Amino acid sequence: MTLTRRDLLAAAAASSAVLALPRAAAAQSTLVVPTYGGLWAQFWESTLMPGFAAATGIQPTLDVGLGRDFVARVRAGAGGSPYSIFMGNENIAAVLRAEGFFEAFDMSLLPNAAGVYPQFINPGSMGIRAIISPIGLAYRTDMVQTPPSSWTDLWENPEFRGRTGLYQIGNTGAVLLLRLVGQLYGSGPDDFDTAFAKLKELLPFTQASWSGEAAAALIRGDVVVAPVDWTEIMILQDKGAPVAVVAPQEGVLAFEQSFNLVATGTEKEAAHAYLNYLLSAEVQSQMASAFYTSPCNTGATVDAALAQRLPIIGDAMSQIRSFDWDSYVPEAAAIADRWNREMG
Amino acid sequence: MTETRTGAPVAPQHLRMLWMLAPAFVLLLLFFILPYVSIATMSLREASTRAVHGEGWTVSHYTTALTDAYILTVIGRTVLMGGLVTLLALLLGYPVAYHLAMSRSRWTSLLYVCVLSPLLVGLVVRTFAWMIILSNNGVVNQTLRSLGLIDFPLQLMNTPAGVVIALTHVFLPFVVLPLLGNLQAINPEVSMAARSLGASRLRTFLKVTLPLSLPGLQAGAILVFVLSISAYVTPALLGGVRGRTMSVLIVQYLVDTFRWPAGAALATIMAAVALIAVTLFLLLTARAMRRLP
């Protein structure tokens with residue numbers, strides 16, 4: 001068979017058309033929704049995305065990554081963010097907010113926000129903390145005789161000496177703990193001098209970059225106590241690991257996933273619809289069942305068995321220690337540098 | 001310019017061949033030069049917490065980094081660990097490569113698989129395996145305890161030692177493979193001639209085989225050194241604070257605290273340090289290489 005130039009051009013045109021087909025099919029919505037990997041991505045793919053599409057007719061594209069990746073993409077996009085809605089820990093979202101990438105939500109397009117505990121709605125509707133993963137004190141049930149009941153036990157229980165795990169400063173968990181310790185022992189969440197002085201008393205401690213690493217250190221027995229989020233410990237318990245997590249009497253910390261409207265996004269209406277769906281009592285209940293988050297909607301319910309394992313629900317949501325992160329942004333670099341130098 | 005039979009001017013052959021360099025040049029431009037220019041430009045922007053970077057230009061990120069004892073310590077540690085990993089990989093890899101080059105055994109292919117095995121497992125999985133082995137309650141410490149050799153666990157995790165062990169493991173093939181190619185290319189008659197002239201096995205190795213394998217050693221050493229000082233996952237998971245390397249610090253600046261200008265400056269400094277170290281190594285080995293046939 002002889003291939004003529006005309007044949008070649010026709011074949012190339014046909015190939016281009018075929019390659020363009022999937023893009024045309026996906027062009028129903030240009031809304032890109034970010035989420036995390038693992039259980040989160042599974043839930044988004046199996047439950048949230050199909051449910052959202054059925055409820056609104058919008059079929060967004062899922063982007064799986066880390067909150068810090070999402071920040072980089074919004075920044076790199078400059079005048080054209082790939083996202084119209086941003087998801088990330090509130091302290092990370094505060095960075096983009098300070099840089100002017102976000103704008104206020106139109107609350108009339110978020111009717112489900114009426115059911116959200118007020119503490120999770122930022123002033124001026126500049127962000128809503130819609131997925132709450134409480135952080136308690138996790139410990140090895142077989143290696144600890146006196147389980148922790150207070151954050152101060154980290155200092156006072158001799159069983160924990162040299163066998164404590166903490167998040168490293170790159171993780172939101174470390175910054176949350178610093179601010180809590182400043183509150184507990186100092187003048188407030190901005191009293192970093194006191195917080196550093198107290199945490200240095202815990203040295204040597206193992207530092208974990210993320211919850212999975214902290215959980216692995218617990219499982220290995222390298223540490224016997226560590227602040228870890230409920231999700232991680234529930235998963236370990238489901239696998240039969242001898243670990244438990246308690247809500248200290250002073251309250252719990254929490255990874256608060258902050259949803260923000262990106263000013264340079266192009267799908268703001270769809271972004272509102274997406275967040276509104278995510279805030280619904282039904283979806284909040286589904287997330288609690290899927291990966292043990294605490295529903296932020298007052299109307300969400302969880303079954304009795306789950307409620308026993310996940311005590312930070314309903315009225316207990318007031319136990320969550322939330323902080324203002326906008327004032328922290330200018331301090332963040334100096335705090336990280338100080339941690340590097342003093343927590344060795 | 002010359003002319004064809006039809007009279008059209010034609011460029012000299014060496015100029016006509018230049019177009020063959022075009023793909024390499026485009027590749028270099030897109031994936032090396034432009035990103036580096038972008039990084040270098042970012043490193044000269046002022047810091048800001050109200051925007052990705054400030055409006056003005058500054059060299060302060062460089063002066064701050066190069067006068068900061070902590071950062072200088074991390075740079076020194078990174079280079080030292082890279083050098084140590086390189087040395088260990090050469091010492092461990094040379095006998096393996098030599099054996100593979102000389103062996104006619106049917107088991108040689110199995111040894112090949114063993115050499116390549118570190119590369120057959122995912123990076124994170126492999127590093128987690130090292131965490132299980134090196135942790136305070138890991139395989140190494142439990143074995144030493146059961147043998148009564150230690151009372152308290154050796155601190156292997158969250159130290160430079162753990163990082164060096166794990167990096168040596170993974171980068172061993174990068175020494176073995178170039179060396180193997182080099183050793184296999186050495187004419188065996190050269191060694192035989194030395195032996196027939198009365199040289200001992202050791203003298204033959206030191207005076208003939210080793211010098212002739214210097215190109216392979218040089219290539220392997222550069223590969224391992226550059227890969228070691230730029231490794232991220234292994235030092236991030238095994239190094240802790242005491243084993244922190246520049247790549248981990250740079251990621252913290254860029255990704256954790258979103259300091260793009262200062263992080264870009266650290267990345268540029270580290271690239272310069274790597275370039276200087278490799279150039280010095282090349283200069284040091286060049287003299288020995290010049291004596292080769």
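Buried area is the accessible area, taken with a 1.4 Å probe, that two parts lose on being put together, summed over both. That quantity is used below for two interfaces of this predicted model: one inside chain A, between its two domains, where about 1700 Å² is buried, and one between chain A and chain B, where the figure is about 2400 Å².

Confidence comes before the details. The average pLDDT of chain A is 91, and 92% of its residues reach at least 70. Residues 15-27 of chain A are a stretch where pLDDT stays under 50, and there the model has zero contacts beyond four places in sequence.

Chain A is divided into domain 1, made of residues 28-131 and 255-319, and domain 2, made of residues 133-253 and 328-342. Taken over C-alpha atoms, the centres of these two domains of chain A are 26 Å apart. Where the domains meet, 20 residues of domain 1 of chain A are in contact with 22 residues of domain 2 of chain A. Carbon and sulfur atoms give 59% of the area buried between these two domains. On the domain 1 side, A:Phe255, A:Tyr292 and A:Arg309 together supply 44% of the area that this domain buries against domain 2 of chain A, more than any other three residues.

A:Arg309 appears again in the charged pairing between the domains. One salt bridge is counted between domain 1 and domain 2 of chain A. The side chains of A:Arg309 and A:Asp238 meet in a salt bridge, with N to O at 3.0 Å. Eleven residue pairs in polar contact, both at pLDDT 80 or more, are also found across this domain interface. Two elements of chain A, α2 (39-56) and α4, give two or more residues each to the side of domain 1 that touches domain 2. Of that side, α4(A) provides the largest share, with five residues. Sorted by class, the domain 1 side has 13 nonpolar, five polar and two charged residues.

The second interface joins the two chains. Chain A brings 32 residues to the contact and chain B brings 28. Of the area buried between chain A and chain B, 57% comes from carbon and sulfur atoms. A:Arg75, A:Arg220 and A:Asn340 supply 26% of what chain A buries against chain B, more than any other three residues.

Three salt bridges are found across the interface of chain A and chain B. A:Asp337 and B:Arg259 form a salt bridge through their side chains, at 3.0 Å from N to O. The count of residue pairs in polar contact between the chains, both at pLDDT 80 or more, is eleven. Several elements of chain A supply at least two residues each to the side that touches chain B: α3 (67-77), α4 (90-98), β7 (206-208), α8 (211-220) and α13 (332-342). Among these, α13(A) gives the most, with six residues. The side of chain A that touches chain B has 16 nonpolar, eight polar and eight charged residues.

A last local feature lies in chain B, at the two ends of helix α9. B:Asn187 caps the N-terminal end of this helix, residues 188-196, with a side-chain oxygen 3.0 Å from the backbone nitrogen of B:Glu189. Just after α9(B), B:Gly198 has a positive phi of about 105 degrees.

Note on methods:
Residues are numbered from 1 along each chain as its sequence is written. Chains are lettered from A and ligands numbered from 1 in the order in which they are written. Side-chain values use heavy atoms; hydrogens and water are left out. Contact means heavy atoms within 4.5 Å. A salt bridge is a side-chain nitrogen of Lys or Arg within 4 Å of a carboxyl oxygen of Asp or Glu. A polar contact is a pair of N or O atoms within 3.5 Å; within protein, one must be able to donate a hydrogen and the other to accept it, and residues adjacent in sequence count only if both atoms are side-chain atoms. Helices (H or I, at least four residues) and strands (E, at least two) are DSSP runs, numbered from the N terminus. Ala, Val, Leu, Ile, Met, Phe, Trp, Tyr, Cys and Pro count as nonpolar, Asp, Glu, Lys and Arg as charged, and the others, Gly among them, as polar. Domain bounds come from an automatic or database domain assignment. pLDDT is the predictor's confidence in each residue, from 0 to 100.
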